[in-house]
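Trainee: Could you take me slowly through one part of this structure, and then show me how charged side chains pair up elsewhere in the chain?

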Amino acid sequence: MSPPTEPKLPAGWDLVVGLEVHVELDTATKLFCGCINRFGAEPNTNVCPTCLGLPGSLPVINERAVELAMILGRALGCQVNRSVMARKNYFYPDMPKDFQTTQYDQPTNSDGQLVLPDGFVVGIERAHIEEDTGKSVHVGRSGRINQAVYSLIDYNRAGVPLVEIVSKPDIRTIDQARNFVDELRAILVVTGVSDARMEEGSLRIDANVSVRPEGLAELRTRCEIKNINSLRSLGRAIAYEANRQIDLYEDGSAPQQQTRHWDENTSRTTPGRSKEDADDYRYFQEPDLVPLVPSPATIAAIDETMPQLPVARRAALVAATGADSVAARILVERAQDALALEAVAAGAEPNKVLKRLVNDLAVDDWSNLDATALAELIKMESAGALSASQAKQVLADLVESGGTPQTYVKRRGFEVVDTSELKSLLEQLVGDNPSEWKRFCAGDQVERKKMQGFFTGQIMKATRGKADGKMVAELLNNAALVG
Ligand code: ZN
Ligand code: MN
């Protein structure tokens, strides 16, 4: 669970990073048409004249998409503005209209911030609404277009609603960059704005990276790294790119402003197009859509129904259970914090609850497990009626089939053998094995250990493993003192 270590930059240089994160919104349909918004469908089945960009088709904006964008904006402390959609003109094969409908100088959300778990604040420049493009698959050597034998295009993704979150260039370390994405992802999930699955492309990161001599305040030429598809790649791509730029400066040269691709296989960034200016896109206001003008009442309603955000949920869990920051982060991310809080409120030992959940509840579906049953289980463990490994097995039963822990304790034969039962069993064993008992009582350390193993084994055999090993050892030693 420990995060990858921070790759080091050469001394004397500071890192400057801003992130642009594209997030697919969790709507039923696309942004401007009624086509289904779903990952993984047969290619080109969720398409219509509008999202294929056919002549004469007109966009109708998806109200829910706008609402989700505003929810995210408020969760990031943004100002929600009167906004207009704009056309960003460019040619790309997976962009059938030859323009992307997005927002330009009047975005829905602006001027927010994201607070990292350690309190570091990253400014949010804007979080604007736009449509996704189709998806190209380049078949052939590298999977990149330049060496492809042929390319396939899937328009299912064309027109899927996105929010693009643009951070200010406030990020100074690779850990901060990773924490930013992690925290953003947690916010997206609890607000229901997006499932934020990097592996399915519903959260995609571009990183703007530059370096400057330590202590200088200037912003130097940056490169935008595309194609980063995991937190691990994010760290490696930033480290590679920063070192590449530092090498250029140290050779008396300088980086060119450009987009660069992160290549997972070679662990390098390679140049893409030289970065164009906004002018090149010939942005203009989308004539087929009216401005979005949320009323103050709409924004107030969003604020009122905002779910508790991860930072507050972690704080609540820490306050009530004494969880450390790692456990708090894991349980809130898995949405198991409410379960932990309820179990603790029902009298279960906080430490054990946290340990069980963190270590043994990394499952997709735990809906069968309720807090009362969990609390009972933990209480049995605390009382010594169940060993840790037995508690773990019963927890798995509860997750699988629900019910109460008692049912499974009985079914698995986990009822503990009580002390008096063990005592009489031991007396019988001593009577049956007098020479072994003598060796235990009078032997040297090695001999004693060997005979303790013998008697413990016999007791475990007789109780079919139900005896508590610690208790057996205690009884043996007490009996040896007496007899
Ligand atoms: Zn469509
Ligand atoms: Mn974008």
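Mentor: Let us begin with valine 149, keeping in mind that this is a predicted model. Valine 149 counts as exposed because its relative accessibility is 66%, and exposed here requires a value over 50%. This residue sits in the loop between strand S7 (135-139) and strand S8 (150-154), and together with Val137, Tyr150 and Leu152 it makes a nonpolar surface patch of about 390 Å².

The manganese ion (ligand 2) offers another setting, for its protein donors are His22 (NE2), Glu130 (OE) and Glu164 (OE), which lie 2.1 to 2.2 Å from the ion. Glutamate 130 belongs to strand S6 (residues 121-131) and glutamate 164 to strand S9 (residues 161-167), so that the pair links distant parts of the chain, 34 residues apart. Both glutamate 130 and glutamate 164 are buried.

Turning to charged pairs, arginine 260 forms a salt bridge with glutamate 241, with 3.3 Å between the closest N and O atoms. Because arginine 260 lies in strand S12 (residues 258-263) and glutamate 241 in helix H3 (residues 231-250), the pair ties together parts that are 19 residues apart in sequence. Arginine 260 is buried, at a relative accessible area of 5%, and glutamate 241 also counts as buried, at 0% relative accessibility.

Aspartate 175 and arginine 178, by contrast, both lie in helix H2 (residues 174-191), about one turn of the helix apart, and they form a salt bridge whose closest N and O atoms are 2.9 Å apart.

Notes: Residues are numbered from 1 along each chain as its sequence is written. Chains are lettered from A and ligands numbered from 1 in the order in which they are written. This is a predicted model: local features need pLDDT of at least 70, side-chain atom pairs count only at pLDDT 80 or more; totals for chains, interfaces and linings use all residues. Side-chain values use heavy atoms; hydrogens and water are left out. Donors are N, O and S atoms within 2.8 Å of the metal (3.2 Å for Na, K and Ca); water is not among the atoms, so sites may look incomplete. Helices (H or I, at least four residues) and strands (E, at least two) are DSSP runs, numbered from the N terminus. Buried means under 20% relative accessible area, exposed over 50%, partly exposed in between (1.4 Å probe, protein chains only). Patches are made of residues with over 30% relative accessible area and no salt bridge: like charges are joined within 9 Å, nonpolar side chains (Val, Leu, Ile, Met, Phe, Trp, Tyr) within 5 Å. Accessible areas come from the Shrake-Rupley method with a 1.4 Å probe; for residues, only the protein chains shown count as cover. A salt bridge is a side-chain nitrogen of Lys or Arg within 4 Å of a carboxyl oxygen of Asp or Glu.
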